[in-house]
Amino acid sequence: MPKVSICIPTYNNLEAFKRCLNSVLLQNYTDYEVVVTDDSSNEEIKNYLAENSQLKNIFYFKNQTALGSPENWNEAIRRSKGEYIKILHHDDWFTHENSLEIFVQLLDKNPTSEIAFVASKNINLENNMIINYNRPSKEKIEEIKNNPVTLLNGNFIGAPSATIFRKNNFSIFDSNTIWFVDIDFYIQILLQNNNLIFSEIDAISIGASPTQITKSVESNKTINTVEHFYLLNKWGIKKIIASPIEQTTYSLIKKFKIKNTQDIKKLGFKDPLPTDINKLFKKIFFSSLKEKLKSTIRTIVFPNKK
């Protein structure tokens, strides 16, 4: 049995897959298998691997019907045999030849931890320029460990490709989510074991492009709203006011101009809402009213000021 399973869920884009796979083949740590689950609408990746059949420890599975995200990720995990799971999306790649070794050592040296992550370098795939680095502070990591749900305020861990985790019964991504799928996955692990391990080495490069799923749903009112309240219900958060996620919920409601609980229900959310949600709506209403009054007063007092 291999120590680590490198799970590569793919969807078309052969060139990106080649870059990803080549970064794996360059690794100096070799106790791994590669599991490729293919959602592609064509045979390009399948044919490429068939033409390079000399490559060892690569296991290819063509999904009979496209599973979509995140179920294609889960299929790779289900097919894996390793003790550790290393998700590597096909548009991401290992930054260094010892990247995999860095990942593996994080769990080897911390046997009580279930999940670890590294700093990630975000790359614009259109011009190959570095966008930024995801390298959270020690204080932020402690905050996540103390209350994993605060990840809803910002994904400071990063994309799944930045993580490595032990294969166990809860190593599964919730197919009811798209936008918050990675955050939810991290939280479900950390709520059971909050020993989160981090390396400041940028061992992974994350490819970013306008065509990615995250870009298409970033401004989707239905997905953002329904998933937000779905996860609050899933995590047992009954009250929002004075909670760590009050400001995030407040901002979501304001951003998408949600006026009341009926607006949320109309988007398709059917589960119970937090018990104090109406108090938050009132808070937003009076805050907006106060802003309008201030704007009106400024116009009266300073009519010529723009």
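V34 of strand β2 (residues 32–38) has I58 as its bridge partner in strand β3. β2 and β3 (residues 58–62) run parallel and are joined by 5 bridges; strands count as paired when DSSP finds at least two bridges between them. This is a predicted model, in which local features need pLDDT of at least 70, side-chain atom pairs count only at pLDDT 80 or more, and totals for chains, interfaces and linings use all residues. Residues are numbered from 1 along each chain as its sequence is written, and side-chain values use heavy atoms, with hydrogens and water left out.

**Strand β2 and its neighbours**
- 7 of the 7 residues of β2 are buried (under 20% relative accessible area, 1.4 Å probe, protein chains only), so the strand is largely enclosed by the rest of the structure.
- Y32, V34, V36 and D38 point one way from β2, while E33, V35 and T37 point the other way.
- In a regular strand the side chains alternate between the two faces of the sheet.
- Strand β1 (residues 4–10) runs parallel to β2, with 7 bridges between them; V4 pairs with Y32.
- β1, helix α1 (residues 14–25) and β2 form a right-handed β-α-β unit (clockwise from the first strand over the helix to the second, with the strands pointing away from the viewer).

**Nonpolar cores**
- The largest nonpolar core (buried Ala, Val, Leu, Ile, Met, Phe, Trp, Tyr and Cys residues joined through side-chain atoms within 4.5 Å) has 49 residues.
- Helix α6 (181–190) gives the largest share of this core, 7 residues.
- Another core, of 33 residues, lies apart from it and includes V4, L14, Y32 and I102.

Definitions and conventions:
Buried < 20%, exposed > 50% of the residue type's maximum accessible area, 1.4 Å probe, protein only. Helix = DSSP H or I, 4+ residues; strand = E, 2+ residues; numbered from the N terminus.
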